[in-house]
Amino acid sequence: MNFDHYDPKNLPPLSPADEKKPLAYLYYAGRQELTDPAQRAAIQPGHPIPVEDAMYPEDVAAMILDPEKSKTGPRMGYCVLPNGIGYACINTPMPGLTMPVRDFHMKWVGEDPGFHYKLWYPGAHIIHYDQLAVEDCGWGMMDLFQGGRPPMSDYGLPENYHEINPYIARVMGRNARGRLEYEDINGQKGYSAVMHVVLGDGTHQWSFAWIGAHVKNGHLVDKRSEEERDPTYVEFVARQMCSHFLHENAQLSFLMAKLYPEYGGQIEPYHLPHVPEWIERQLDQPM
């Protein structure tokens, strides 16, 4: 799905079982549209931010560990870095999304990952397994192999980052590889790294993506294939990722404002389901 042409009237239908669930109407309502002019401006085609305003993992780590710099945060937008890697960043308030609400949200997704994950981004999210999400980040439906969460040292951070800067509530990151539906499941393309930084009481978030790279020991490792070296394509993918982040968060804030007051105390921790065996059998290496 190209997010420039998102149409809630053309969403894939839910399964007959999901159609009967009380929250099915939220799926067919589609995603929440962006009302903030700054957010809409950040994803306009042909308007990347200057590369000097982009941040590398080491820059993000330095900002996290500096209480003064972290109050300003990064510039929102997308671009292609001088090394050819795509970059996307959002810097957004998320009113009402306190840390207890965030924790509830992940339990809620795990309670029914083939339905609740769809509600998180109708048309773009399909299902979330442990270490694998099936979703469309703007350039086609794919299996997003995520692997385990790396140690904070891979992002250039100590494990006690929140003691150094109490304003930082949570840092989450993953290296991933996305396999489009028609591609080799063990192909050597589609690598990315994502980092989410939750601030204050949870009601503000930065999200970063580096397209065509992984993060190791606090720095980018270029993992682009030959076909991922076209700067026009890389800019398109980076912009779509920026759009995905923004709409995902807008939908999350909308959903939790509706659901947390009613269900917040009623859902027990639930682990995401294991990756299907048929997928694991085909992988050359474990995730």
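**R224 and its chain**

Me: What makes the 2.8 Å pair joining the side chains of R224 and D222 a polar contact?

Reply: The term covers a pair of N or O atoms within 3.5 Å; within protein, one must be able to donate a hydrogen and the other to accept it, and residues adjacent in sequence count only if both atoms are side-chain atoms. The side chains of R224 and D222 are joined at 2.8 Å, a polar contact. A polar atom of the R224 side chain also lies 3.0 Å from the backbone oxygen of N83.

Me: Happy with that! How far can these values be trusted to rest on a set standard?

Reply: This is a predicted model: local features need pLDDT of at least 70, side-chain atom pairs count only at pLDDT 80 or more, and totals for chains, interfaces and linings use all residues. Residues are numbered from 1 along each chain as its sequence is written, and side-chain values use heavy atoms, with hydrogens and water left out.

Me: Why is R224 called buried?

Reply: Its relative accessible area is 15%, and buried means under 20% (exposed is over 50%, partly exposed in between; 1.4 Å probe, protein chains only). So R224 counts as buried. Buried residues make up 55% of the 287 in the protein chain.

Me: Which residues does R224 touch, leaving out those up to four places away in sequence?

Reply: They are N83, G84, I85, G212 and R229, where contact means heavy atoms within 4.5 Å.

Me: How do you know that the radius of gyration agrees with a compact globule?

Reply: The rule, over C-alpha atoms, is 2.2 Å times the number of residues to the power 0.38. For 287 residues that is near 19 Å, and the protein chain has 18 Å, so the two agree.
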